[in-house]
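Reader: Mind walking me through this one? I'd like to talk about salt bridges and the nonpolar packing.

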Amino acid sequence: MDEKKDQNVQEQSAPPKVRKIHTTLDDLPAGDTAFATKAVDTKAPLPEGVASGALYNDVVRIAWPAFVELMLMQLTSMADLMMVGRLGPWAITAVGLTTQPKFLLSTAFIALNVGTMAMVGRYRGANQQEKAKSVLRQAFMLNGVLGLFFAIIGVLFSRQLVTFMGAQEEHVLVAGTQYLQIQMVGMFTVSLTTSITNSLRGSGDSKTAMFYNTTANVVNVCFNYLLIYGKFGFPRMEVAGASLATVIGQATAMCIAIWAVRRKSQYVRLEFPKGSFLRFDKGIITNIAKIGVPSMAEQVAMRVGVIIFSKTIASLGTVAYATHQVCMNIQALTFMNGQAFATSATSLVAQSLGKGRPDMALHYSRRTQRIGMATSIVIAVFVFFCNKFVLGLYTDDATIIATGASLLQMIAFIQPFQASQFILAGALRGAGDTRYTAMVTMLTVMLVRPGLALLLIHAFHLDLHGAWYALVADQILRAMLIVFRYRTGKWTTSFKHAPAKE
């Protein structure tokens, strides 16, 4: 009887089993964690006993939940625009004019979480769980502060931002302002969820984020139906209803995400030891910033470039901008392939370097690119041949469908370039090589795309097609520059993290 009681006591006091995503890398011996100063040999063979298929399995195991999650998120965004589109082209334009200001204001915490993901991945590779948890705690607090600050700024200046983006009609301006103000209220919840999502992905756990973001998408679509059109006794809020539905979904995701990382079985847990709340660790914040600040500069450059690009298109009129917005929404769906496999590349490269195995970082990133490229070809074929069908889901406006069909053919053409630059840039970020990607973005998105668009629209009178020729040139040039950097192998020595405080 006493033996049974002792056994029960031992079981109750035993530490909880930690859920850890196992990879081939875990079975290999650690290398030199001090990192060589010389770039890895890009022709290095696979380590003895490691099968190429096992690495592909690791890549897909991380990528598929991220792909499903991102795809469903973008499908929800498409559903938003489709439902709003039934109100008329003015409603599509009102929503579209808010996109870039919203992204610009959220740039800081989104970009800094690139550093969070890389740091958690490094510590996961080095098997230092406490340090990984410290990174999550610091990122969570930092994101909360930044999210609250930018939410207040966004609410106060929403009308000015929509006006700046080129709203030409009063009802478009009013609807856009209402949409953006509601979105800004939800920025605080998004900032907290983003820190958790990137920490989980850095540790290789993309399934948890898939679960709570998928739940949020379902909530979003349901409230879209209720609030846009005023169904089942809910008020008819039209464009504002679509925005409120999104915020309700985001709040749902935040609640589930916090619950998930508070569980004791989670490898990267959110814990606040006594006296640690809002106490920032200079060492960890500095390491996050080393990677995140160049990414923030990259994102700011991208948003500035896209804003100039969007304003140029807005000057062509409401129908032209509505056409552009629909096609950009569809292109964003094709991003999901590259972004999902970029998640694998970032996580596995960071873990490999954390374990002192730059050779594995190279092998993982190569295989990630191959799968992503193959998937991009399938996407290209679908977009090329089904363009009018997809456009018809958004609107029945003949002008938008006719013009948009040719723009979607351009999207099909750039798919391999787009996937390649997303995935290999993800590998560079996992290695901490964010300065180079920032410079590439500044050159292509902030200078080449808007500059060429202005030239082709105003000097050559190519209208909306001219703007999209500029977009194609931007994607091709960006892919070429990212591939060039990757092939040098220098990215494997670009970042060394300092020890975090326990």
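Author: Sure. Keep in mind that this is a predicted model. Let's start with one acidic residue: at 0% relative accessibility, Asp474 counts as buried.

Reader: Which residue does Asp474 pair with in a salt bridge?

Author: The partner sits in helix α17 (residues 434-459), while Asp474 is in helix α18 (residues 463-488), and the two are 25 residues apart. That partner is buried too, with a relative accessible area of 5%. The side chains meet at 2.7 Å, N to O, and the residue is Arg449.

Reader: And is Lys133 buried or exposed?

Author: Lys133 forms a salt bridge with Glu130, the closest N and O atoms being 2.8 Å apart. Glu130 has 41% relative accessibility, so it counts as partly exposed. For Lys133 the relative accessible area is 3%, and the cut-off for buried is under 20%, so Lys133 is buried.

Reader: What separates Glu130 and Lys133 along the helix?

Author: Both residues belong to helix α5 (residues 129-156). Because they are three residues apart there, the separation is about one helical turn.

Reader: Which residues join Glu130 and Lys133 in one salt-bridge network?

Author: By the rule used here, the count comes to twelve salt bridges. Some share partners, and one network built that way holds Glu130 and Lys133 together with Arg269 and Glu271.

Reader: How many residues apart in sequence are Glu170 and Arg159?

Author: Their side chains meet in a salt bridge at 3.4 Å, N to O. Glu170 is partly exposed at 49% relative accessibility, and Arg159 is partly exposed at 38%. Glu170 lies in helix α7 (residues 170-185) and Arg159 in helix α6 (residues 158-164), so the pair ties together parts that are eleven residues apart.

Reader: OK, on to the packing. Which helix gives the largest nonpolar core its largest share?

Author: That core has 74 residues, and Val239, Ile330, Leu391, Tyr394 and Trp468 touch the most other members. The largest share is eleven residues, and it comes from helix α12 (residues 318-354).

Reader: What is Ile330 in contact with, neighbours within four places in sequence aside?

Author: Ile330 is one of the residues touching the most other members of the largest core. With those sequence neighbours left out, its contacts are Met78, Val390, Leu391, Tyr394 and Leu408.

Reader: How many residues are in the second, separate core?

Author: Leu348, Tyr364, Ala425 and Trp491 are among its members. The full set is 29 residues.

Key: Residues are numbered from 1 along each chain as its sequence is written. This is a predicted model: local features need pLDDT of at least 70, side-chain atom pairs count only at pLDDT 80 or more; totals for chains, interfaces and linings use all residues. Side-chain values use heavy atoms; hydrogens and water are left out. A nonpolar core is a set of buried Ala, Val, Leu, Ile, Met, Phe, Trp, Tyr and Cys residues joined through side-chain atoms within 4.5 Å. Buried means under 20% relative accessible area, exposed over 50%, partly exposed in between (1.4 Å probe, protein chains only). Helices (H or I, at least four residues) and strands (E, at least two) are DSSP runs, numbered from the N terminus. Contact means heavy atoms within 4.5 Å. A salt bridge is a side-chain nitrogen of Lys or Arg within 4 Å of a carboxyl oxygen of Asp or Glu.
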